[in-house]
Amino acid sequence: MDFAIFNRLQQLSEQNLLDIAQAKREGRKVIGFYCLYSPIEIAVAAGAIPVSLCGTRNDPIEAAEKVLPRNLCPLIKSSYGYAATDTCPYFRFSDLVVGETTCDGKKKMFELLAEFRPIHTLQLPQTQESDGALSFWYHEIKKFKERVEKETGVMITDERLSDAIQLTNQERKAKRALMDMAKRKPSPISGIELLTIMFKIGFFMNKRSGIALMNEVVDEIQKRADQGESPFHQKTPRILLTGVPVGLGSEKVVRLIEKAGASVVCFENCSGYRSVFMIDEKKEPLRAIAEKYLATPCSVMSPNPGRIELLTELIKEFSVDGVVDLTWQACHTYNIESFNIEKFVINQFGLPFLHLETDYSESDTEQLRVRIEAFLEMVKE
Amino acid sequence: MEKSAKLGSASGGKDYHPMWKDLGLNLEAHDQLLNVLGQAYKDIYMSQENRPKGMQYFDFVISEAHGLRIEELMETKRKGNKVVGTFCVYVPEELILAVGGTCVGLCAGAEIGINEAEKVLPRNTCALIKSFMGFKLAGLCPYIQASDLVVGETTCDGKKKAYEILNDYKETYVMEIPQMKTERDRVLWRGEIVQFKEKIEQLTGRKITVENLRQGIKIANDKRRALQRLSGLRKATPPPISGLDALLVNQIAFYDDPLRFTKSVNDLCDEVEDRVKNGIGITKNGTPRMLVSGSPMAVPNWKVPYVIETSGAIVVAEESCVGERSTRDLVKEDGKTIDEMIDAITDRYMKIDCACFTPNVERTDHILELAKEFKADGVVHYSIQFCTPYTVEAHKVEKALQQKGILMLKIETDYGMEDMGQLKTRIEAFLEMIRK
């Protein structure tokens with residue numbers, strides 16, 4: 001990957017913090033988000049700044065364990081630890097933090113997080129299939145909209161919402177185009193590069209500059225691919241990573257897979273492909289938002305047929321040779337769902353499948369490396 | 001009534017093996033299980049001194065838990081009635097009772113069939129969930145075998161996802177539990193109850209009417225009233241009954257015949273009331289009084305109260321779903337239409353303060369109330385290992401108790417016996433602190 005792009009990315013990331021600080025001084029509100037179920041369009045429509053909050057690094061976990069149980073998922077401990085140690089600038093900027101009742105750990109952690117910032121917790125239904133689920137969720141989003149209106153003093157009209165949807169849809173389109181680059185064989189971009197770019201752009205307050213940068217990267221990769229350049233070769237095993245979200249600081253499994261000679265071509269998770277479902281621009285905006293977000297196929301849903309559907313599509317489109325299912329330690333929903341995902345991957349596609357349960361620390365790196373190498377042997381056969 | 005310490009033993013010479021075989025149990029493993037449980041019961045329960053005579057009934061019920069009681073279930077099934085198995089106090093048994101059905105709590109309190117369970121569930125899943133899966137997969141729970149319907153609920157992550165897998169082995173109907181307590185949550189939950197009512201009507205082919213539902217509500221309430229009465233007597237100084245015995249009564253409430261059970265609890269209470277009047281206690285005055293709070297304890301999970309009560313303290317109340325949380329609130333009995341009765345049922349069940357709710361401040365308030373009413377000298381917060389809602393909520397509970405100057409000990413454990421020594425050391429140290 002061209003070095004210049006990463007330099008730009010770094011510069012823009014640093015500038016981003018200054019921009020947010022400046023916008024805050026000018027009176028704009030900042031709303032912090034953790035989860036893909038929380039609709040950022042509401043914040044965008046109110047002229048507030050939506051920011052992603054930190055939760056992918058190991059450093060603040062020790063501090064979190066003074067309050068939270070040790071055997072809790074590292075994502076939750078990291079998120080809480082960042083807030084408790086005041087080491088996440090985006091959390092510090094936030095006037096309001098949005099939580100959701102996705103899993104037990106987060107749901108209960110947000111109660112404790114309320115000590116540091118005002119929290120608005122969205123109640124997510126536990127199934128997408130019941131008659132009432134969508135209307136229940138619609139009202140939750142409506143309540144959130146009212147809360148944001150109160151915080152910002154801005155009336156969120158349908159027109160404002162439609163504009164916000166157009167913008168976030170463009171962002172999704174750009175992100176999807178970027179991820180789709182890896183459909184080429186061999187992939188012209190490594191999983192780690194892809195992850196780094198998406199992760200850093202995810203913090204940008206200025207969505208348009210993020211979109212522009214992603215489009216630029218796509219052009220560049222396209223060029224490179226047309227010239228036959230790739231970090232991989234035709235026979236490099238192509239791995240789909242499914243399961244929990246991954247970001248910088250929690251990317252060790254991606255790194256290990258690629259170091260062991262494979263290429264991570266697709267992320268079926270909330271930091272990857274699940275984040276590019278489009279919102280229907282023809283429908284009533286709030287309803288369209290509710291529909292899109294409820295359809296997110298996270299394992300907290302019971303049952304969760306959307307994940308099987310998405311996997312079916314992605315395994316085919318990305319010409320996948322093997323599936324790695326990543327679970328953060330003590331994340332019960334992904335951990336238990338893995339049993340059925342494994343059955344599905346093996347029965348439907350006959351592909352090698354590896355379930356890994358780990359945390360953000362480096363303590364099991366050697367063991368993971370051995371397991372991943374053994375798995376890739378199977379993939380190559 | 002013959003007192004028997006051996007569970008499911010051939011009391012009165014009756015051999016239940018043909019019935020167990022018909023139910024599809026793994027006979028050899030099941031015999032072993034009954035031997036182990038029988039011995040544990042003898043060691044833990046029959047070794048207690050000065051127990052009320054009224055406990056003999058409950059000893060008997062335990063001894064026949066897999067025998068006579070299952071025979072009764074098969075008998076009621078032969079008459080065309082249905083048996084509904086549940087795992088959680090959110091399932092409204094009033095509706096099941098209304099149509100002449102029997103509601104039973106399913107086996108989930110012992111480290112059983114772990115190897116089988118861990119083939120389909122992660123190792124670090126809570127012991128209760130692994131247990132119900134293990135009991136089913138290893139063919140050791142006659143209750144689930146006898147059930148015409150199994151009802152699950154989306155209380156916690158682990159159960160919610162485990163039911164998807166259990167469903168492959170036994171059809172599981174799942175109720176969606178809200179996670180907050182706003183008006184919309186009440187609407188959601190009411191809808192779930194109405195759907196469950198239809199499911200029960202469809203299962204039994206019987207209509208739920210004002211008359212039979214009134215009866216169902218009355219039976220369930222009477223059971224709760226009897227348990228409330230027993231609980232109230234434990235406020236006395238010195239307490240008239242051991243925590244272990246009171247827990248047992250609460251555990252048996254989940255699978256015994258409700259009318260017979262209620263009568264037996266009231267008989268026990270008459271006797272215990274006399275004890276209180278005469279100042280007779282199960283321990284001497286000055287014994288530290290413990291409130292146990294947290295995850296439920298299903299039969300035969302007696303580990304923590306056993307350690308507490310053999311370390312020189314006594315348990316005076318259980319703030320748990322096998323305890324106060326399932327007996328505290330009654331369903332209002334003045335409903336005149338089905339709608340009003342469903343409203344009353346909805347309201348009653350919405351009051352349950354399980355840690356799966358957020359923010360669940362009611363639970364902390366109730367713990368403080370109980371600690372005061374029962375003159376607790378300390379609180380033992382008990383979580384089953386990997387039970388995220390309770391382990392996280394423990395922090396808030398501890399803070400609230402601290403503010404009132406009440407000491408709390410946080411215990412996280414499973415059904416295994418490996419940590420018995422460590423638990424005993426910790427509990428003894430805690431009691432030392434309390435005595436200071």
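1. A good place to start is Leu72(A), which reaches across to the other chain: leaving aside residues up to four places away in sequence, Leu72(A) touches Lys77(A), Gly105(A), Ala330(A) and Thr388(B). Leu72(A) lies in the loop between α3 (61-64) and α4 (74-84) of chain A. Despite that loop position, Leu72(A) counts as buried, because 27 C-beta neighbours fall inside 10 Å. Cys54(A) is 18 residues away along the chain, and its C-alpha atom is separated from that of Leu72(A) by 17 Å.

2. Please keep in mind that this is a predicted model. For the complex, the predictor gives an ipTM of 0.96 and a pTM of 0.96. Chain B has an average pLDDT of 96, and 97% of its residues score at least 70. One stretch to treat separately is residues 1-6 of chain B, where pLDDT stays under 50. For those residues the model has 19 contacts beyond four places in sequence.

3. Next, the contact between the chains. Chain A contributes 33 residues and chain B contributes 31 residues. On the side of chain A that touches chain B, the elements giving two or more residues are α6 (104-113), α7 (133-152) and α14 (332-349) of chain A. That side of chain A divides into twelve nonpolar residues, 16 polar and five charged.

4. Now to the overall form of chain A, which holds 15 helices and eight strands. Its C-alpha atoms fill a box of roughly 60 × 45 × 40 Å along the principal axes. A compact globule with 381 residues would have a radius of gyration near 21 Å, so the 20 Å of chain A agrees with that picture. Of the 381 residues of chain A, 51% count as buried. Taking the contacts in chain A with a separation of 6 or more, 72% are between residues 24 or more positions apart.

5. Chain B can be read along the same headings. Chain B has 19 helices and eight strands, and its C-alpha trace spans about 60 × 55 × 45 Å along the principal axes. The radius of gyration of chain B is 21 Å, which agrees with the value near 22 Å for a compact globule with 436 residues. Buried residues make up 55% of the 436 in chain B. Among contacts in chain B with a separation of 6 or more, 76% come from residues 24 or more positions apart.

6. Within chain B, I would look at strand β7 (residues 378-384). Seven of its seven residues are buried, so β7(B) is largely enclosed by the rest of the structure. In a regular strand, side chains alternate between the two faces of the sheet. Both faces of β7(B) are covered: one side carries Gly378(B), Val380(B), Tyr382(B) and Ile384(B), the other Val379(B), His381(B) and Ser383(B), and all are buried.

7. What does β7(B) pair with? Strand β5 (residues 289-294) of chain B pairs with β7(B) in the parallel sense over five bridges, and Gly294(B) has Tyr382(B) as its bridge partner in β7(B). Strand β8 (residues 407-413) of chain B also runs parallel to β7(B), joined by seven bridges. There, the bridge partner of Ile384(B) in β8(B) is Thr413(B). The chain crosses from β7(B) to β8(B) through helix α18 (residues 388-403) of chain B, in a right-handed β-α-β crossover.

Key. Residues numbered from 1 in each chain as written. Chains lettered and ligands numbered in written order. Predicted model: local features only at pLDDT ≥ 70, side-chain atom pairs only at ≥ 80, totals over all residues. Contact = placed C-beta atoms within 7 Å. Helix = DSSP H or I, 4+ residues; strand = E, 2+ residues; numbered from the N terminus. Nonpolar A, V, L, I, M, F, W, Y, C, P; charged D, E, K, R; others polar. pLDDT = per-residue confidence, 0-100. Buried ≥ 20, exposed ≤ 12 C-beta atoms within 10 Å, placed from the backbone. Pairing = 2+ DSSP bridges. Right-handed = clockwise from strand over helix to strand, strands pointing away. Rg over C-alpha atoms; globule rule 2.2 N^0.38 Å.
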